[in-house]
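Me: I'm new to this one. Please take me through it in small steps, starting with how the strands sit together.

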Amino acid sequence: MRRLLTVLALLALMSTALIAPAATAAPKSNAKTFMVIATGNQLPANLEQQVRSAGGTVIGTVPQIGVATVTSSSPSFKANAGKIKGVQSVIPSGTITMRIPVQQVAANVGNPPNSGSADFLFDLQWGHTAVGATSAWAAGHRGAGVRVAVLDDGIDPTHPDLAPNLNVALSTSFVPGETFVYDQPDVFSHGAHVAGTIAAAENDFGTIGVAPDAEIVMVKVLSSASGSGSFEGVAAGIIYAADIQSDVINMSLGAMLQRRGFCFEEGDCLTAREVAEVANMLGRATSYAYQRGATIITSAGNDGMDSNKSKDIFHLPSDAPHVISVSAVGPLGWGVNPNTNLNVQAFYTNYGLSTIDLAGPGGNVDFDLLASGQACTVAGVTRPCYVFDFVFSTGNGGWYWSIGTSMAAPHVSGVAALIIGANGGSMHPAQVESLLRKYALDLGKPGKDAVFGHGLVHVGGLAQ
Ligand SMILES: [Ca+2]
Ligand SMILES: [Ca+2]
């Protein structure tokens, strides 16, 4: 019963974060925000003036894909703006939770004073063993010359593990009123965790990323406080990342949407046709980035669902074109037995034959171990044993453990950075994906399958 309750508690935690739009929307002012989507990738000439005539004000544009953000308090704005020549649709804008940690545990640990240990916390990072990272490092591949844009909720730019590889000048924010810095007092910066898995520095301190010499650019598209973002903000972030010539774009974020319609946190709802327009807009952004040479890697989501089973649901941005969608695996009891299988399908991961491309280490929960209360000590750190099956990485001013497909995707981004680095720092995304598939370890059913896609991401092929 206790185990069942724990499972239910976790699932409840997930589902409240996931499915329903918040019932208590923010107080409404008269002004509403809209996405104006052009017929093609080009915004109509003198759009600002035409929007003004329709009763609105342009507050932002993504001209590369023909998208503008507009506010208006006129009840007839939507109908009027829809008549502007070259405008395909005018749809309500809003935010939706796209940062979905399944569970996280803070870690008040650090390099013991005078321990003499190099990157002491590396020994908690079983994900590196799963993907074979050290074999690539030994062969000289460390991601040098590779730029990875991390679209997320911000970062701690002063963290000793992150600062060496963070490009502060290029880091930016598409969240109104927030800088690229994680601005909350807690340690749980999702963006810092993801960035550290990709490229925490090897500096005799803390943790190490899969590609410890890669460059990180933080592109904030989710609010640090709420984990919410807008679809046009994500699209703008993708375009920005492409325009600064990012080699890899990591998006450990997303939302499961119903094709027949859904509502934003602010209360405005989209029709089926408008949901399709949102998907179309994100597809324009991912296609733009792909054509400019970015390998795009996203988390498949934590709903524990076979996304091929229901035709009414899909996950964005992982189901957008040219995106590598990553499911999650993890051990069950690594703290008890360091030789345990690291590649068990995670209980929360989404899966689906046509949606999953690769699997990555995202962490798992052994519910029996959790219920037992047993404590383990790994690398001098003592915690309940089940915690060690989580992914350990950097946070805001420290480190923490977390699980989710959000943790799996950055392992793939790190491996992609190693592959691109080994090719001199540049590679066509189709070629990157081809090598990711080639080097992956086939798990489960032989060949491509619904849970692991083409297999568990791995760098073994690079080291040969
Ligand atoms: Ca380090
Ligand atoms: Ca397989």
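Me: Which strand do five bridges join to S6?
Reply: S6 covers residues 103-107, and the two strands run antiparallel. Strands here are DSSP runs of E with at least two residues, while helices are runs of H or I with at least four, both numbered from the N terminus. Two strands pair if DSSP finds at least two bridges between them. With five bridges, the partner of S6 is S23.

Me: Hang on, what kind of model is this?
Reply: Residues are numbered from 1 along each chain as its sequence is written, and chains are lettered from A and ligands numbered from 1 in the order in which they are written. Side-chain values use heavy atoms, leaving out hydrogens and water, local features need pLDDT of at least 70, side-chain atom pairs count only at pLDDT 80 or more, totals for chains, interfaces and linings use all residues, and the model itself is predicted.

Me: OK, back to S23. Which residue in it is the bridge partner of Ala-106?
Reply: Ala-106 falls within the residues 103-107 of S6. Since S6 and S23 run antiparallel, look across to S23 for the match. There, the bridge partner of Ala-106 is Tyr-400.

Me: And which residue of S23 partners Thr-394?
Reply: S22 (residues 391-394) also pairs with S23, over four bridges in the antiparallel sense. S22 and S23 make a hairpin with four residues between them, and Gly-397 in its turn has a positive phi of about 70°. Opposite Thr-394, the bridge partner in S23 is Trp-399.

Me: How many residues of S23 are buried?
Reply: Buried means under 20% relative accessible area, exposed is over 50% and partly exposed is in between, with a 1.4 Å probe and protein chains only. Trp-399, Trp-401 and Ile-403 point one way from S23 and Tyr-400 and Ser-402 the other. In a regular strand, side chains alternate between the two faces of the sheet. S23 is largely enclosed by the rest of the structure, because its buried residues number five of the five.

Me: How many residues of helix H6 are buried?
Reply: H6 spans residues 190-199, and its buried residues include His-190, His-193 and Ile-198. The helix is largely enclosed by the rest of the structure, since the buried count is 10 of the 10.

Me: In what order do the four strands of the open sheet come?
Reply: The pairing in this sheet is antiparallel, and the order is S2-S3-S1-S4. S2 (56-62) and S4 (87-92) stand at the edges with a single partner strand each, so one side of each has no neighbour in the sheet. Neighbouring strands are turned by 25° against each other on average, direction ignored. Reading across once more, the order is S2-S3-S1-S4.

Me: What is the relative accessible area of Ser-223?
Reply: Ser-223 sits in the loop between S9 (215-220) and S10 (228-229). Its side chain reaches the backbone nitrogen of Ala-225 at 3.2 Å and that of Ser-226 at 3.3 Å. Ser-223 counts as buried, with a relative accessible area of 9%.

Me: How far from the calcium ion (ligand 2) do its protein donors lie?
Reply: Donors are N, O and S atoms within 2.8 Å of the metal, or 3.2 Å for Na, K and Ca, and sites may look incomplete because water is not among the atoms. Here they are Asp-442 (OD), Leu-443 (O), Lys-445 (O), Gly-447 (O) and Asp-449 (OD). Asp-442 counts as partly exposed at 44% relative accessibility, whereas Lys-445 is exposed at 65%. The donors lie from the ion at 2.2 to 2.3 Å.

Me: Which peptide bond is cis, with omega near 5°?
Reply: Most residues other than glycine have a negative phi, and most peptide bonds are trans. Pro-317 is in the loop between S16 (313-316) and S17 (323-330), and His-322 lies in the loop between S16 and S17 too, with a positive phi near 65°. The cis bond runs from Leu-316 to Pro-317.

Me: Last one: what radius of gyration does the protein have?
Reply: The protein comes to 12 helices and 23 strands, and 59% of its 464 residues count as buried. The radius is taken over C-alpha atoms, and the globule rule is 2.2 Å times the number of residues to the power 0.38. A compact globule with 464 residues would be near 23 Å, which agrees with the protein's 22 Å.

Conventions
A polar contact is a pair of N or O atoms within 3.5 Å; within protein, one must be able to donate a hydrogen and the other to accept it, and residues adjacent in sequence count only if both atoms are side-chain atoms. Axes are lines fitted to C-alpha atoms, for helices over the stretch in contact, and angles run from 0 to 180 degrees between N-to-C directions.
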